[in-house]
Amino acid sequence: MRFSRTLIPTLKETPAEAEVVSHQLMLRAGYIRKLAAGIYTWLPLGWRVLRKVERIVRQEMDRAGAQEILMPGVQPAELWRESGRWDFYGKELLRFKDRHDHEFCLAPTHEEVVTDLIRREVRSYRDLPLNLYQIQTKFRDEIRPRFGVMRAREFLMKDAYSFDVDEAASIESYETMRRAYRAIFDRLGLKYSMVEADSGAIGGSYSHEFMVLAATGEDDIVSCAQCDYAANLEKAAAAAPAGEPATPSRALEAVNTPGTHTVQQVAEFLEVQPNQVAKTLIYLADGQPVAAVVRGDRELNEVKLKNLVGAAEVFLADPETIQKVTGGPLGFSGPVGLGIPVFVDQELYLEPALVAGANALDTHLVGLNLGRDVPQAVRADLRNAAPGDPCPRCGGELTFARGIEVGHIFRLGTKYSQALGATFLDAEGATQTIIMGCYGIGVSRIVAAAIEQGHDDNGMILPLAIAPFSVAVLPMAASGPAAETAQRLYGELLAAGVDAIIDDRDLRPGVKFKDGDLIGIPLRLVVGEKGLKNGQVEIKHRAGGEVEMVAVDQAVARLAELVAQGGGLAL
């Protein structure tokens, strides 16, 4: 491909709308252009990267025995009502009616559609196992789309679904997909981590996320250096502290604390540490009030609370609800005497005397002992894990890193097959419910994650496997020996199966170098008259900046070798 004949509208300045590096560089490099909030057109370079990611995903899914299909992007409301998700999914589900007044939605995911397909086509245990996948556009009406294609409303996703006769077979399918995902991310050339995760709105009992490691990542990854434990922050367990619950050390007493609304204000007023304060938060769990209590210097983990109470959603109560439930205003809530379920983080039981709100204006309790004063409370792991916490598996020290979720695999069990009646006849002729699994990869999100992981001040540093081109051929002159040699080497690279582009524009070399660095081409072949006088051309590596001077007649072989080593793909 020739640079002069390809739509590559690079920008010198960073657009004001772009907040993160990947969004900035994708706009500047001419990968994407915005159509509407969270909706983008993919231009030739971006589309080539997307297709290379897609090809690797497809090859490894096929190798794992999955079969590709294509399901509709428009789905009838009836299927979602059968599964119970039409109302539960919320406003992210874009709903509309057709001319006949029938309700539909734009697909954010395809559990209902694929389960409907299977219940119509599978009859016997002989038809199983099955694993069906697709690579298709999804739409989720994010309330605040941001970060370019990182959190877009319209995006490209690979979703796969396994169907098995029993739990043992389902576990085998899950492990097959886990191995396939590792192969995919290994081939993509990305540094990643597989972590335990919460299943969220998809449902299921067991899941893992695949996170691309990047300092600018939006998710916390919790891991142990001494064992293979790794989880995202939502899922990471805070190990139960050693020791028995503390016995009371003083009587419970109400004290006046005027104007102290925050943990820090209370701690300073009463001359205690924030970790001696029991922070009580009032939540609505599926509309019903509950109290959650954590140490004053800790953060409550809402996912843990949601799972503990078995709710579809939880959110902080408004001040009016807090006044009604506790009898006191916001900022003075406490666990004593509440007529609602109370859930207390396990580490608070080690403290013999805590400070807590008294459910009255300008009043707090001192000397609180949870075992004595709130005997009805449920003891649980409710807080976010923190750096330095002991590993829940081996006791080693937990460390934190940042990552970007690009893949998620779930064991769904019978959540959808039971709701939609997807069954089969076993060997004895008895009706059984199909066991399902679900496996997603954010194809377009991978492109942004790769850029977040690989970039410098000059632009993108992409792995050979997914770069738009493996090699950029740069003649230092628009005519003459350099241009002629560059054209010949470009043709030989294409003949050798190397994915190359020649920058044949009549521009200064510096402009070509800047554009090549910006758009993330891993290898640069520079052909200049000075080098040709010595029978040499220059090969420069985008990552690291290493320069090799090679003989003209060895350049193609050397570049082909480098591309093969890096897993480069040609389209």
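In this predicted model, helix α16, which spans residues 555-565, lies across the strands β27, β29, β30 (536-541) and β31, and its direction runs at about 15 degrees to that of β30. The strands beneath this description belong to an open sheet of five, arranged in the order β28-β27-β29-β30-β31 and joined by mixed pairing. The edges of the sheet are taken by β28 (500-502) and β31 (547-551), and because each of these has a single partner strand, one side of each is left without a neighbour in the sheet. Direction ignored, neighbouring strands of this sheet are turned against each other by 25 degrees on average.

Within the sheet, β27 is the strand to follow next, as it pairs with β29 in the parallel sense over five bridges and with β28, also in the parallel sense, over three bridges. Two residues of β27 can be used to locate these pairings in the model: valine 471 has leucine 523 of β29 as its bridge partner, while valine 473 stands opposite isoleucine 502 in β28. The strand is mostly covered, with five of its five residues buried. Val471, Val473 and Pro475 point one way from β27, whereas Ala472 and Leu474 point the other way, and all of them are buried.

The strands β27 (471-475) and β29 (523-527) also meet helix α14, whose buried residues pack against both of them as well as against α1 (21-28), α2 (44-63) and β26 (459-460). In α14, which covers residues 509-519, the buried residues are Lys512, Asp515, Gly516, Asp517, Leu518 and Ile519. An α-helix has 3.6 residues a turn, so residues three or four places apart point the same way. Just after α14 comes glycine 520, which takes a positive phi of about 85 degrees.

From α14 the reader can pass to α2, which has a further helical partner in α12 (residues 443-453); the two helices pack at an angle of about 115 degrees, with their axes 9 Å apart. That angle makes α2 roughly perpendicular to α12, and the crossing of the two is right-handed. On the side of α2 the contact is made by Val49, Leu50, Val53 and Glu54, and on the side of α12 by Val443, Ser444, Ile446 and Val447. Sorted by character, the residues of this contact divide into six nonpolar, one polar and one charged.

Another place to examine is glutamine 432, a residue of strand β23 (residues 431-433). With a relative accessible area of 33%, glutamine 432 is partly exposed, because that value falls between the limits of 20% for buried and 50% for exposed. Once its neighbours within four places in sequence are left aside, glutamine 432 is in contact with Ala422, Thr423, Phe424 and Asp426. Lysine 235, by comparison, is 197 residues apart from glutamine 432 in sequence and 32 Å apart in space, C-alpha to C-alpha.

These details can finally be set within the whole protein chain, whose secondary structure comes to 16 helices and 31 strands. The C-alpha atoms of the chain fill a box of roughly 95 × 65 × 50 Å, taken along the principal axes, and of its 571 residues, 52% count as buried. Among the contacts between residues at least 6 apart in sequence, 69% join residues at least 24 apart.

Definitions and conventions. Residues are numbered from 1 along each chain as its sequence is written. This is a predicted model: local features need pLDDT of at least 70, side-chain atom pairs count only at pLDDT 80 or more; totals for chains, interfaces and linings use all residues. Side-chain values use heavy atoms; hydrogens and water are left out. Buried means under 20% relative accessible area, exposed over 50%, partly exposed in between (1.4 Å probe, protein chains only). Helices (H or I, at least four residues) and strands (E, at least two) are DSSP runs, numbered from the N terminus. Contact means heavy atoms within 4.5 Å. Axes are lines fitted to C-alpha atoms, for helices over the stretch in contact, and angles run from 0 to 180 degrees between N-to-C directions. Angles under 35 degrees count as roughly parallel, over 145 as roughly antiparallel, 65 to 115 as roughly perpendicular and the rest as oblique. A crossing is left-handed if the near helix is turned anticlockwise from the far one by less than a right angle, and right-handed if clockwise. Ala, Val, Leu, Ile, Met, Phe, Trp, Tyr, Cys and Pro count as nonpolar, Asp, Glu, Lys and Arg as charged, and the others, Gly among them, as polar. Two strands pair if DSSP finds at least two bridges between them.
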